[in-house]
Amino acid sequence: MSDDPETARQIEELMADDRPLLVLDVDDVLLEFIRPFPNFLRARGYDLTLASFQLTGNIAETASGRLIEQPEVTALLGDFFDAQADWQSITEGAAEALTELGDRAQIILLTAMPHRHRAVRRAHLDTLGVSYPLLTTEMAKGPAVAKLRGKGGRPVVFVDDQPRNLASVQNAVADAELFHLMADNSLRAFLPPVPDDVIVVQDWHEAAPKITSALGL
């Protein structure tokens, strides 16, 4: 956490809470990403072919067929996040699941994105009626979740679509309940295996009662 002082600053504002803690990834957990992103790319003159679970090596210029390099992918992602309000909608069932939890849990949205996109994402989430605190990090998610939990030992549930993020939280918060949820389940075939003890759910309708139970509510 010392490497990301902005994340640490954001966490300090959230640490007074002692309710059970639910930490949610945003892209492809709360907001659709992998469905709208190809449409964004086509509008910019690119095509996405999902031959593996990564963007670099799978985005090509439509006109030439040239696969674009990592710096170009990063720039396109930045443009997408700047324009996310035009493209990203809420994942089916997510809003209802969170409303059902009400104020019984502290719900934190933890997104791995450059801090400069935070204000745009905050405004978009507010427009969608998703007003939970938003935490951005450019580092691993595990240490952030551990610090968010604090010293009280309250129940922690973490939901993400990326196995590496689930593993990071598993390493940092050994007793956290981990859920693997993807807005587009067709991509599971490309993923490395999720860590042991991770609960794999197909959608928010399946996740909601299991999360409520894991939080002890």
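What follows is a tutorial dialogue on reading the sheet, helix contacts and backbone angles of a predicted model.

Me: Let's start with the sheet. How many strands form it, and in what order?
Reply: The general idea first: strands of a sheet pair through backbone hydrogen bonds, either parallel or antiparallel. In this predicted model, 6 strands form an open sheet, and the order is β5-β4-β1-β6-β7-β8. The pairing is parallel.

Me: Which strands sit at the edges?
Reply: Those are β5 and β8 (199-200), since each pairs on one side only.

Me: Take the β5 edge. How many bridges does β5 make with β4?
Reply: Strand β4 (residues 106-112) is joined to β5 by 4 bridges, in the parallel sense. To find the register, look at Leu 109, whose bridge partner in β5 is Leu 134. Thr 111 gives you another pair, with Thr 136 as its partner in β5.

Me: And which way do the residues of β5 point?
Reply: Strand β5 covers residues 134-137. Leu 134 and Thr 136 point one way, Leu 135 and Thr 137 point the other way, and all of them are buried.

Me: What about β4, is it covered or open?
Reply: Mostly covered: 6 of the 7 residues of β4 are buried. On its pairing with β1, you'll find 4 bridges in the parallel sense. There, Val 23 has Ile 108 in β4 as its bridge partner.

Me: Now the other edge. How many bridges join β7 to β8?
Reply: Strand β7 (residues 177-180) and β8 run parallel and are joined by 2 bridges. If you want a spot to click on, His 180 stands opposite Val 200 in β8.

Me: Which helix lies across β7 and β8?
Reply: Helix α8 (residues 204-214) does, and it also lies across β1 (21-24) and β6 (156-160). Its direction is about 180 degrees to that of β7.

Me: On to helix pairs. How do I describe the packing of α6 and α7?
Reply: Two packed helices are described by the angle between their axes and the distance between the axes. For helix α6 (residues 141-149) and helix α7 (residues 163-172), the axes come within 7 Å and cross at roughly 45 degrees. That angle makes α6 oblique to α7. As for handedness, α6 passes α7 in a right-handed crossing.

Me: Which residues meet there?
Reply: From α6 you have Lys 141, Gly 142, Pro 143, Val 145 and Ala 146; from α7, Asn 165, Ser 168, Val 169 and Ala 172. Sorted by character, the residues of this contact are 5 nonpolar, 3 polar and 1 charged.

Me: There's an arginine in α6, Arg 149. Is it buried or exposed?
Reply: Arg 149 has 15% relative accessibility, and the cut-off for buried is under 20%, so Arg 149 counts as buried. Setting aside neighbours within four places in sequence, Arg 149 touches Leu 21, Arg 154, Val 156, Val 173 and Asp 175.

Me: How does α2 pack against α3?
Reply: Use the angle and the distance again. Here the angle is about 110 degrees and the axes are 11 Å apart. That makes α2 roughly perpendicular to α3. The contact takes in Pro 36, Phe 37, Phe 40, Leu 41 and Arg 44 of α2, along with Leu 76, Leu 77, Asp 79 and Phe 80 of α3. By character, the count is 7 nonpolar, no polar and 2 charged.

Me: Which residues of α2 are buried?
Reply: A helix rule helps here: an α-helix has 3.6 residues a turn, so residues three or four places apart point the same way. In α2, the buried ones are Pro 36, Phe 37, Pro 38, Phe 40 and Leu 41. The buried residues of α2 pack against β2 (46-48), β3 (59-61) and α3 (70-82). Just after α2, Gly 45 has a positive phi of about 90 degrees.

Me: Which residues other than glycine have a positive phi?
Reply: Among them are Asp 28, with phi near 70 degrees, and Asp 197, at about 75 degrees. Asp 28 is in the loop between β1 and α2 (36-44), while Asp 197 is in the loop between β7 and β8.

Me: Are these two aspartates buried or exposed?
Reply: One of each. Asp 28 is buried, at a relative accessible area of 6%, whereas Asp 197 is exposed, at 69%.

Methods
Residues are numbered from 1 along each chain as its sequence is written. This is a predicted model: local features need pLDDT of at least 70, side-chain atom pairs count only at pLDDT 80 or more; totals for chains, interfaces and linings use all residues. Side-chain values use heavy atoms; hydrogens and water are left out. Axes are lines fitted to C-alpha atoms, for helices over the stretch in contact, and angles run from 0 to 180 degrees between N-to-C directions. Angles under 35 degrees count as roughly parallel, over 145 as roughly antiparallel, 65 to 115 as roughly perpendicular and the rest as oblique. A crossing is left-handed if the near helix is turned anticlockwise from the far one by less than a right angle, and right-handed if clockwise. Contact means heavy atoms within 4.5 Å. Ala, Val, Leu, Ile, Met, Phe, Trp, Tyr, Cys and Pro count as nonpolar, Asp, Glu, Lys and Arg as charged, and the others, Gly among them, as polar. Buried means under 20% relative accessible area, exposed over 50%, partly exposed in between (1.4 Å probe, protein chains only). Two strands pair if DSSP finds at least two bridges between them.
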